[in-house]
Amino acid sequence: MASAFDRIAEIIANTSDVPLENIKPESHVIEDLGIDSLDFLDIVFAIDKEFGIKVPVEAWTQEVNSGAAPAEQYFVMQNLAARIEELVAAKGG
Amino acid sequence: MRLEYFQMIDRVLELAPESITAEALVPPASPVFEGHFPGHPLVPGVLLVETMAQAGGYLLLSRLNLSRMAFLIGTREVKLRSFVGPETRLTVTAKLVHEGSGFAVTDAAITAAGRRVAEVKEMKFSIRDFPAPELAEAMRVRAREIGLLKDQDS
């Protein structure tokens with residue numbers, strides 16, 4: 001099976017106007033790929049369905065806004081993929 | 001329905017954890033019909049979409065116990081199959097497709113006398129705190145009026 005990164009990159013390419021080849025591990029979803037909040041919700045919906053999880057976007061956003069976590073922890077592609085893998089592992093997938 | 005006030009849902013007929021069925025009776029007259037269209041009154045398609053959005057929204061409000069608000073942010077596909085004129089009795093259904101973090105997705109449909117009128121796939125809502133206490137109170141009042149909240153509910 002493709003890696004979480006590859007599956008998420010494909011979702012982003014299919015959901016937005018970003019070409020697949022532009023999506024790198026170090027890409028920041030918002031700052032580099034230009035994904036806005038509405039597109040990001042579409043992406044999260046697709047990730048939820050693809051991985052059978054519920055991405056805790058609200059908790060992540062709250063952590064970032066309060067300074068408890070850097071945005072890169074959740075919104076840089078390789079870190080996002082790692083967070084998704086953790087969520088999948090946590091649900092026993 | 002009070003089209004000009006965007007009160008699209010008149011009564012909740014059935015409410016389950018993941019679905020809702022409601023009734024909406026198109027009024028015999030409305031200022032909306034003066035423009036849409038002269039001599040040929042029709043409920044505008046966007047208001048049929050709004051009607052389905054409100055059914056989905058009330059389902060979500062019920063699931064949230066009216067603690068937060070659901071704002072429509074997009075749909076994947078809309079089909080408007082037939083014209084809807086004054087005094088048409090509409091049955092509006094919505095069902096939960098997905099509940100995410102800070103958003104939710106429903107499908108919805110409208111029928112009239114068993115005929116398919118409109119459908120929407122993957123209607124997406126942003127779930128947010130009420131931006132004003134007046135809105136929270138207005139939604140609570142309206143929820144009680146249409147039977148979404150029972151009198152004993154908070």
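Helix 1 of chain A passes helix 2 of chain A in a right-handed crossing, a term used where the near helix is turned clockwise from the far one by less than a right angle. The structure is a predicted model, in which local features need pLDDT of at least 70 and side-chain atom pairs count only at pLDDT 80 or more. Residues are numbered from 1 along each chain as its sequence is written, and chains are lettered from A in the order in which they are written.

Two packed helices are described by the angle between their axes and the distance between the axes. Here helix 1 (residues 4-15) and helix 2 (residues 37-51) of chain A pack at about 135°, with their axes 10 Å apart. Helix 1 of chain A is therefore oblique to helix 2 of chain A (oblique covers angles that are not under 35, over 145 or 65 to 115 degrees). Among the residues making the contact (heavy atoms within 4.5 Å) are Ile8(A) and Ile12(A) of helix 1 and Ile43(A) and Ile47(A) of helix 2. The residues of this contact divide into 8 nonpolar, 1 polar and 4 charged.

Two loop residues are set out below by relative accessibility (buried is under 20%, exposed over 50%, partly exposed in between, with a 1.4 Å probe and protein chains only).

| Residue | Relative accessibility | Class |
|---|---|---|
| Pro19(A) | 34% | partly exposed |
| Ser30(B) | 8% | buried |

Pro19(A) lies in the loop between helix 1 and helix 2 of chain A. Ser30(B) belongs to the loop between strand 2 (19-25) and helix 1 (31-35) of chain B. Beyond its neighbours within four places in sequence, Ser30(B) is in contact with Leu3(B) and Glu4(B).

Notes: Heavy atoms only, no water. Helix = DSSP H or I, 4+ residues; strand = E, 2+ residues; numbered from the N terminus. Axes fitted to C-alpha atoms, helices over the stretch in contact; angles between N-to-C directions. Nonpolar A, V, L, I, M, F, W, Y, C, P; charged D, E, K, R; others polar.
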